[in-house]
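The following paragraphs lead the reader from a single residue pair to the arrangement of the whole assembly. The sequence and the structure are shown first.

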There are 2 protein chains.
Amino acid sequence: MQVTSKEQGALVVADVLEIIGGKWRGLILAKLCDGPKRFNELKLDLKKVTSSTLTKELRHLEELKMIERAVIQESPIIVEYRMTTHGSSIKQLIYQIIEWGLEHRKKVIGEK
Amino acid sequence: MQVTSKEQGALVVADVLEIIGGKWRGLILAKLCDGPKRFNELKLDLKKVTSSTLTKELRHLEELKMIERAVIQESPIIVEYRMTTHGSSIKQLIYQIIEWGLEHRKKVIGEK
DNA sequence: CAGGATCCATATGGATACTG
DNA sequence: CAGTATCCATATGGATCCTG
């Protein structure tokens with residue numbers, strides 16, 4: 001199997017990196033794989049992210065139709081973020097990433 | 001399966017993004033999946049990357065033990081970059097990324 | 001051919017403070 | 001609780017020119 005045979009492979013990779021790349025987007029998706037989360041839950045989980053950054057990243061993922069924002073209750077407002085049906089399809093990919101990452105840790109990072 | 005159950009999943013995802021993230025690294029790896037490439041081959045394939053940027057990215061991947069640099073001939077020097085044994089293990093992951101990316105294109109990008 | 005050197009543009013994310 | 005607004009730091013990658 002040739003990855004880039006159609007001269008498209010690399011472009012497709014770039015597409016996907018647009019989604020899971022960056023400092024937080026992949027992490028947010030990983031968290032949401034386990035179920036819906038509220039804004040502040042995410043904020044606590046992703047230690048050290050600021051409100052403004054988190055908001056930006058969530059908006060980005062929304063635009064890509066990966067996640068959706070649902071207002072659960074008003075005043076005090078409660079918002080829940082969850083994967084869209086389409087977004088859920090990335091779960092398997094995230095599992096693969098984690099799996100490979102664990103192997104990589106053993107082989108490379110462990111050697112340091 | 002809970003992705004982030006051990007509070008490690010997200011961290012692992014971050015590790016992997018360190019490798020395939022960024023504007024070029026994933027693309028370079030994708031190209032090298034198909035076999036060794038010379039510096040200028042990569043430069044031509046990855047249209048619009050400059051020498052200095054390509055060099056930086058290659059060095060980065062070398063440090064991570066994903067690829068290796070081999071001098072094939074001197075004067076005029078010819079250099080070949082190829083996946084290390086360890087680096088090759090990421091091929092499957094790249095296939096997954098491309099596969100998912102193609103689906104994503106159909107569903108989201110196609111709708112634009 | 002395969003870079004190194006230098007300087008520079010922009011994108012990304014962060015700090016801090018404030019709000020419905 | 002879940003943001004917004006404003007301003008700012010840094011990382012990333014790029015332009016251009018040079019070299020063994």
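The description begins with one pair of residues in this predicted model. B:Lys37 has B:Tyr81, a residue of strand S3(B), as its bridge partner. The two strands concerned are S1(B) and S3(B), the latter formed by residues 78–83 of chain B, and they pair in the antiparallel sense over two bridges. In general, the strands of a sheet are joined through backbone hydrogen bonds, in either a parallel or an antiparallel manner.

The wider setting of this pair is an open sheet of three strands in chain B, with the order S1-S3-S2 and antiparallel pairing. Strand S1 (37–38) and strand S2 (67–73) of chain B each have a single partner strand and stand at the edges, so one side of each is left without a neighbour in the sheet.

Two helices of chain B pack on this sheet. Helix H2, residues 25–33 of chain B, touches S1, S2 and S3 of that chain, and the direction of helix H2 makes about 95° with that of S3(B). Helix H4, residues 51–63 of chain B, touches S2 and S3 of chain B; the direction of helix H4 makes about 115° with that of S2(B).

The relation between the chains remains to be described. A turn of 180°, with a shift of 0.0 Å along the axis, lays chain A on chain B with an RMSD of 0.1 Å. This is the relation of a two-fold axis. Among the residues of chain A, A:Gly21 comes closest to the rotation axis, its C-alpha lying at 2.7 Å. Both copies use the same surface, since 100% of the contact residues of chain A recur in chain B.

How values were computed
Residues numbered from 1 in each chain as written. Chains lettered and ligands numbered in written order. Predicted model: local features only at pLDDT ≥ 70, side-chain atom pairs only at ≥ 80, totals over all residues. Heavy atoms only, no water. Pairing = 2+ DSSP bridges. Helix = DSSP H or I, 4+ residues; strand = E, 2+ residues; numbered from the N terminus. Contact = heavy atoms within 4.5 Å. Axes fitted to C-alpha atoms, helices over the stretch in contact; angles between N-to-C directions. Least-squares fit on C-alpha atoms with pLDDT ≥ 70 in both.
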